[in-house]
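Welcome! Take a moment to look over the sequence and the model, and then let us walk through a few of the features together.

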Amino acid sequence: MLVPEAVLDRAHEDVHKTQPWNNPDAVPYIRFENVTKKFGDFYAVDDVSLDIYRHELFALLGGSGCGKTTLLRMLAGFEEPTSGKIYIDGVNMAGVPAYERPTNMMFQSYALFPHMNVEQNVAFGLHQDGLPKSEIRTLVSDMLALVQMTKFTKRKPHQLSGGQRQRVALARSLVKNPKVLLLDEPLGALDKKLREQTQFELVNIQEKVGTTFVMVTHDQEEAMTMASRIAVMNEGVINQTGTPFELYEYPNSRYTANFLGQVNLVEGVLIDDDEKYAVIKSDEGGCEIYIDHAVQGHRGMTFWAALRPERLRLTKEPPEDTKYNCVSGKVEEIGYLGGISTYHVRLASGKRIKVTEPNSTRQIEPRYTWEDPVWVSWEAGAASVLNK
Amino acid sequence: MSGKRSTFLISALVFGFAFLYVPILLVMIYSFNEGKLVTVWTGFSTKWYVSLFSNDGMIDAAWNSLRIGVMSATLALALGTPAGLVMSRFGRFKGRTLFSGMIAAPLVMPEVITGLSLLLLFVTLEQMVGWPAGRGISTITIAHTTFCAAYVAVVVQSRLSGMDTSVEEAAMDLGAKPAKIFFVITLPMILPALLAGWLLSFTLSLDDLVIASFVAGPGSTTLPMKVFSSVRLGVSPEINALATLIILAVSAMILISSLLILRSERNRSRAPSTEEA
């Protein structure tokens with residue numbers, strides 16, 4: 001286990017309510033049991049087991065073709081697993097058609113019915129349940145109020161903007177009060193500004209209605225902003241599941257470390273270890289990396305140290321102690337973004353290290369320029385150690 | 001592209017269109033000819049239109065054609081729509097290519113063969129089960145339905161395969177069963193394509209001479225058959241008047257059906273459809 005004990009210790013009983021995944025007694029609301037989906041010879045989803053708890057906003061994160069959408073569609077009932085079982089609220093979903101599942105889905109394209117107006121779109125699902133007209137009217141108007149679309153009830157989908165369509169799609173899938181709401185790239189069709197604003201709105205709505213949300217996204221920022229937990233998927237397999245914090249700070253593999261945020265991966269060999277520390281010698285980095293906790297493995301084993309660009313310090317003078325955790329190089333590229341600057345530093349070994357620094361004070365001229373000799377250093381706790 | 005177009009292109013355009021439309025234009029002009037001779041212009045008159053409308057044989061034939069057209073277009077719609085639906089929504093199945101080829105085959109089958117085979121079928125059926133008793137309007141309608149259904153199937157299929165399937169999935173997700181989805185969601189969305197298919201079928205049925213000649217019986221003469229037989233006895237300016245009317249009617253219908261197809265294409269492209277694997 002690469003997560004230090006201290007972090008796990010903090011996950012005590014008081015957080016069992018808000019973090020049911022840390023409570024061994026909690027019953028999962030959605031359960032994937034060794035689910036595999038094959039399309040011909042291609043494994044879209046390969047032996048995935050996953051527990052999702054009630055009231056979670058769970059994100060399936062991965063690049064295109066990683067199987068996240070297939071997993072979601074199996075939950076909705078549009079695809080049947082080749083093998084394995086899916087439970088929702090304790091009920092095995094095998095053979096249950098999409099129109100009888102306690103799930104509703106918000107489609108990436110929104111899939112609004114083009115020949116119906118906003119009100120009719122939202123009411124469609126309720127009509128299928130045969131609810132009385134007066135009740136439907138109340139539920140629809142409440143839901144449209146929740147997504148702030150009351151003014152547009154009589155409009156057809158093509159008369160709405162992208163953001164408005166997204167709201168209608170959300171209202172339509174939420175109005176039936178499903179046990180699980182599935183969201184397929186919910187914000188994918190919106191432009192960047194609107195997306196950021198909608199992220200928080202969606203989270204607020206989820207908190208208000210308390211429905212369990214399972215969402216699919218390829219945008220790590222979106223997943224981290226919104227989700228209670230994230231499953232990082234790659235090639236049909238879940239690489240790692242955890243809170244955004246856990247995934248970013250304690251990735252279990254180079255894939256996860258790379259997928260969430262930016263990272264410098266430095267390959268090295270374990271040369272010294274103890275209960276309290278470990279030292280990795282890296283030829284690639286041209287330095288020895290001191291880690292302030294033990295790592296599992298024997299001396300001589302290959303590890304990768306994952307160094308986040310924002311955890312690295314850039315100085316012109318060498319730090320006081322140059323034995324561990326510091327390397328020298330030359331500034332090769334500079335990206336000035338205003339609030340922060342990113343520097344690419346070329347090490348003697350030829351490896352490029354990315355460093356980001358906040359521009360927290362106003363300078364007369366840029367702090368570094370091209371070809372400046374610089375030192376890159378970091379704290380003993382900054383690097384996470386990966387073995388795959 | 002420069003603003004000035006070459007003389008060559010312009011003359012090619014003029015020549016091409018002249019080749020296509022001068023004969024038709026001549027017919028239309030001569031339908032207003034005063035004289036009895038088709039080829040000699042003597043003055044403007046609408047008397048041939050008047051005489052056309054008092055020609056009972058012509059009117060009867062036109063009435064027959066209209067009835068057959070409406071019936072066979074409607075039947076073709078009822079048969080072709082499910083075929084188009086299957087082609088675009090059934091997924092991959094064994095023999096799919098063969099099936100789609102067989103649906104499209106009547107479009108390219110020589111009319112003589114279609115007509116002859118249908119005639120043989122009707123005669124055999126009559127001998128075996130006594131239906132259809134003789135040949136007439138009903139046999140022409142059935143014959144027209146067979147090739148019109150193929151057109152409808154192709155039109156419906158192309159419309160459906162361009163449509164975002166997630167709309168139908170959304171309906172299913174919200175609790176609608178497949179049959180209901182078809183009638184409440186799919187059908188309204190492909191309505192323009194259905195109308196276009198109907199109009200196309202109607203026009204094709206109205207135009208057909210060869211197949212109708214094979215399967216027609218006494219008292220079921222269609223307009224093209226009537227025209228063909230009267231032309232053999234000598235071209236009267238009445239036929240020019242009739243041709244003008246037919247050309248106008250057919251162009252109007254083609255125009256409407258293309259507009260409908262165009263509109264549904266526009267609706268389709270307006271709806272944002274992004275698919276991700």
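Two residues are in contact if their C-beta atoms, placed from the backbone, lie within 7 Å. By that rule, 22 residues of chain B are in contact with 24 residues of chain A. Three helices of chain B each supply at least two residues of the side that touches chain A; helices here are DSSP runs (H or I, at least four residues), numbered from the N terminus.

| Helix of chain B | Residues |
|---|---|
| H7 | 166–173 |
| H8 | 178–207 |
| H11 | 237–270 |

H7(B) gives the most to this side, with six residues.

This is a predicted model, where local features need pLDDT of at least 70 and side-chain atom pairs count only at pLDDT 80 or more, while totals for chains, interfaces and linings use all residues. Residues are numbered from 1 along each chain as its sequence is written, and chains are lettered from A and ligands numbered from 1 in the order in which they are written.

How do H7(B) and H8(B) meet, and at roughly what angle do their axes cross? The axes, lines fitted to C-alpha atoms over the stretch in contact, with angles from 0 to 180 degrees between N-to-C directions, come within 10 Å and cross at roughly 135°. That makes H7(B) oblique to H8(B), as angles under 35 degrees count as roughly parallel, over 145 as roughly antiparallel, 65 to 115 as roughly perpendicular and the rest as oblique. B:Val167, B:Glu168, B:Ala171 and B:Met172 in H7(B) meet B:Ile181, B:Ile185 and B:Thr186 in H8(B).
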